[in-house]
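Okay everyone, thanks for coming. Let me put the structure up on the screen, and then I'll walk you through a couple of its strands and sheets.

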Amino acid sequence: MRKDTVLAHSGRSSERPGPVNVPVYRASTVVFESVEATERATQSRFEGLYYGRYGTPTTFALEETVAQLEGGYRAIAVSSGLAAITATIQAFAKSGDHILVPDSVYGPVRHLCDSVLDGLGITTAYYDPLAGARIEAQLRPNTRLLYLESPGSLTFEVQDVPAMLAVARKRAIPTAIDNTWATPYYYSAVAAGVDVSLHSGTKYIGGHSDLLLGMIVTNEAVYEKVRATVVALGFSCSADEAYLALRGLRTLGVRLERHYASGLAVAKWLERRPEVARILHPAFASCPGHELWKRDFSGASGLFSFVLRPGFTRDSIRAMIDGLEFFSIGYSWGGFESLALLAHPEKVRTATPWTEPGAVIRLHIGLEDPHDLIADLERGFSRLVTGPSRTR
């Protein structure tokens, strides 16, 4: 099946007659008919109903659909995107181990690495997201995971995933990637050879800004290791969240097409504005890794950044964003609504300093008419003024 058909048919109820959608199964205790049946279920606890924390028919339907869409062996639904990332790292790394993480990584992952994981004795080294095969120089004897995020948060560098996978395979080092931006619809990371693909299902998979969810998609070799870690950490997903995510997933293809087209329209308009120095969108030549995006991805989502020319005052930049009518200010993205956020990559980079002198504004282009969004931004630019104060 092609991906749009997967979205429409996978994970549906097989009962005839019966509902189109798998119902919401809220369950903790699962009862068995005998001691022997209980023992059999314990021996195969990752298959079928065992206990609510291991999943219900609702979560199984979601997992089946996402795994099929990504080209993975199995998927695991968890309570949030960060829970998916945490469980995956802890499945491979323990005290005394070393992991590699791109310098453009999602901010909460950096906090996780520098606080919780560091306290557990797991060392994180940050690397240039454009390192490609050069990542080999940063491998250590105790490196246990090569973590990728492509494109990167805030600054949207696209990584050379095949080159990095080749390096990791030579040393038998597992790989994981945050694939939230592209979703399995525009990039099938596990099918491309990554061991674990991670998604904040909160974003495009859910699509309506009303749930918290993480998805882990794995190949066959690492599935049980990751699933066992998820269960041990208690990172289960509720049946209600799974149901909402599965309902949102049915329209992922048509929603992403709109996000993609509207995002390009807004970004192309921004590129012509005299106030804008640079567009950070993987579909634009000005974005690092643009050629890699053309090679590896089949589309783009609605999330990108742009860099203002230097010289605008900090107060006027804030006034520009604060006064937007159709762009809300918020940290998440992937829903139907457009968002704007003043970003500060210069405050978090440690391996590759961010040296752009102008302010960085991240936009999520939602499902509104792009003409209205462009008019809103045009009014916002009228609030920008130049002056001697620093832009940030």
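I'll start with one strand and its neighbours, then move on to a sheet and the helices beside it.

Quick reminder before we go: this is a predicted model.

So, find strand β6, residues 196-200. Is it buried or exposed? Five of its five residues are buried, so β6 is largely enclosed by the rest of the structure. In general, side chains in a regular strand alternate between the two faces of the sheet. Here, V196, L198 and S200 point one way, while S197 and H199 point the other way.

Now, who sits beside β6? On the parallel side of things, strand β5, residues 175-178, is joined to β6 by three bridges. Then there's strand β7, residues 214-218, which runs antiparallel to β6 and is joined to it by five bridges. Keep an eye on L198: it is the bridge partner of D178, and its partner in β7 is I216.

Okay, on to the other sheet I wanted to show you. It's an open one with five strands in the order β8-β9-β12-β11-β10, and the pairing is mixed. β8 (276-280) and β10 (327-329) each have a single partner strand, so they stand at the edges with one side lacking a neighbour in the sheet. From one strand to the next, the twist averages 30 degrees.

Within that sheet, β9 (residues 303-308) and β12 (residues 360-364) run antiparallel with five bridges between them, and F304 stands opposite L363 in β12. Helix α10, residues 252-271, packs on the sheet and touches β8, β9 and β12, with its direction at about 5 degrees to that of β9. Helix α12, residues 314-322, lies across β9, β10, β11 and β12, at about 165 degrees to β11.

Technical notes: Residues are numbered from 1 along each chain as its sequence is written. This is a predicted model: local features need pLDDT of at least 70, side-chain atom pairs count only at pLDDT 80 or more; totals for chains, interfaces and linings use all residues. Side-chain values use heavy atoms; hydrogens and water are left out. Buried means under 20% relative accessible area, exposed over 50%, partly exposed in between (1.4 Å probe, protein chains only). Helices (H or I, at least four residues) and strands (E, at least two) are DSSP runs, numbered from the N terminus. Two strands pair if DSSP finds at least two bridges between them. Axes are lines fitted to C-alpha atoms, for helices over the stretch in contact, and angles run from 0 to 180 degrees between N-to-C directions. Contact means heavy atoms within 4.5 Å.
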